[in-house]
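Reader: I would like to learn how to read the packing of two helices, and after that how to read an unusual backbone angle. Could we take the helices before the backbone?

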Amino acid sequence: MNYKDEVVILIPSLNPDERLTKLVKDLLVNGFKDIIVVNDGSSEEYNKYFKTIEQNVIVLRHMVNLGKGRALKTGFNEYLGRFKEKCGIITVDSDGQHKIEDITKVAKALVENKESLILGSRNFNLKNVPFRSKYGNKITRCIFKFLTGLNVSDTQTGLRGIPTRYISILMNIPGERFEFEMNMLMEAKENNIDITEERIETVYIQENKSSHFNPLKDSLKIYVIFLKYIFSSIISFIVDIVIYKIIFNGIINYIADYAIIISTVVARIISSLVNYSVNKNTVFKSSGNKSIIKYYILCFIQMIISAVSVTVIYNLLNQRYEVLIKLIVDSIIFLINFKVQKEWVFRKEKKE
């Protein structure tokens with residue numbers, strides 16, 4: 001079996017140059033017959049590059065720029081309509097950063113591992129890697145591992161082998177721009193799809209200036225789930241303080257001895273319900289019926305750990321710095337809490 005006949009190459013492209021035409025030519029010469037190129041709303045002056053290749057490949061067009069994620073989904077839809085009997089898709093960037101040898105390596109790996117998502121992973125420790133790419137990817141990798149538990153060496157690679165059975169799932173996950181590629185990895189974990197990495201050559205042309213990836217803007221989209229988690233906690237804190245103040249002012253003249261305790265308990269119950277609701281429906285988007293039980297089990301365990309840890313450290317430091325100790329301990333618990341809530345409390349049920 002010729003594995004090049006079993007895959008379709010998908011190339012999303014925005015404002016390309018002659019590297020796109022060279023890439024398509026090299027792919028055809030090297031035996032890749034089925035190629036889909038998505039013109040993601042390129043300006044008119046770039047149409048000549050698409051016209052050069054349209055006789056040999058399928059060229060799809062967005063009238064306006066919709067983003068890399070949407071361009072990939074457009075290509076996926078075309079694949080499912082024409083080629084769903086094949087093994088899968090190889091996504092390739094149009095700027096010349098992926099060599100034919102590496103594309104071939106990923107294609108071969110996909111055919112041999114039809115149930116796995118294949119990543120063409122770069123080595124960011126090499127001297128020729130631009131500063132923003134080297135440290136941007138290292139930071140992203142570390143944060144991504146913390147957020148998801150996935151240890152992937154190249155989270156932003158555009159060279160991927162995607163099995164056919166996974167493509168229909170990808171059509172429905174969120175993300176229209178670069179964040180879609182990160183969402184793809186998280187969805188793979190949710191669906192128990194193995195991720196296999198193939199080492200590829202690290203190629204950067206003109207310090208990677210042709211890349212449309214915006215490190216700040218697109219990273220914010222990638223980590224939006226953690227930002228929502230932080231925002232949810234801030235909302236809950238505000239609710240806790242406001243309710244406490246309302247209850248305290250309302251009963252201080254009647255139950256002075258227990259006003260603080262009652263106000264604290266009522267405020268904490270209401271704020272925790274707000275936090276649970278926001279996390280369940282907005283942050284983690286869970287439909288699990290038992291999540292509220294798990295949530296309050298976690299709250300109880302968190303309270304005990306915080307109290308014990310602060311007390312022990314406070315005594316070890318000769319009963320000093322209690323506020324600083326509590327701040328550090330609760331900050332660590334806050335980060336761990338995110339992982340536990342995502343992986344246990346609000347864990348999505350596996351899709352069949």
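Author: In this predicted model, α11 passes α12 in a right-handed crossing.

Reader: How is the packing of two helices described in general?

Author: The general description of two packed helices rests on the angle between their axes together with the distance between those axes. Here, helix α11 (residues 291–316) and helix α12 (residues 322–345) pack at an angle of about 155°, and their axes are 10 Å apart. Because angles over 145 degrees count as roughly antiparallel, α11 is roughly antiparallel to α12.

Reader: Which residues of α11 and α12 make the contact?

Author: On the α11 side they include Ser291, Tyr295, Leu298, Ile305 and Ile313, while on the α12 side Ile325, Val329, Ile333, Val340 and Trp344 are among them. By class, the contact of α11 with α12 has 13 nonpolar, 6 polar and 4 charged residues.

Reader: Turning to the backbone, what sign does phi have in most residues other than glycine?

Author: In most such residues phi is negative. Asn15, although not a glycine, has a positive phi of about 50°, and Asn192, likewise a residue other than glycine, has a positive phi near 55°.

Reader: Where is Asn15 found, and where is the place of Asn192?

Author: Asn15 is found in the loop between β1 (7–13) and α1 (18–29), where its relative accessibility of 28% makes it partly exposed. Asn192 lies in the loop between α7 (179–190) and β7 (194–199), and Asn192 counts as exposed because its relative accessible area is 53%.

Key:
Residues numbered from 1 in each chain as written. Predicted model: local features only at pLDDT ≥ 70, side-chain atom pairs only at ≥ 80, totals over all residues. Heavy atoms only, no water. Helix = DSSP H or I, 4+ residues; strand = E, 2+ residues; numbered from the N terminus. Buried < 20%, exposed > 50% of the residue type's maximum accessible area, 1.4 Å probe, protein only. Axes fitted to C-alpha atoms, helices over the stretch in contact; angles between N-to-C directions. Parallel < 35°, antiparallel > 145°, perpendicular 65-115°, else oblique. Left-handed = near helix turned anticlockwise from the far one by under 90°. Contact = heavy atoms within 4.5 Å. Nonpolar A, V, L, I, M, F, W, Y, C, P; charged D, E, K, R; others polar.
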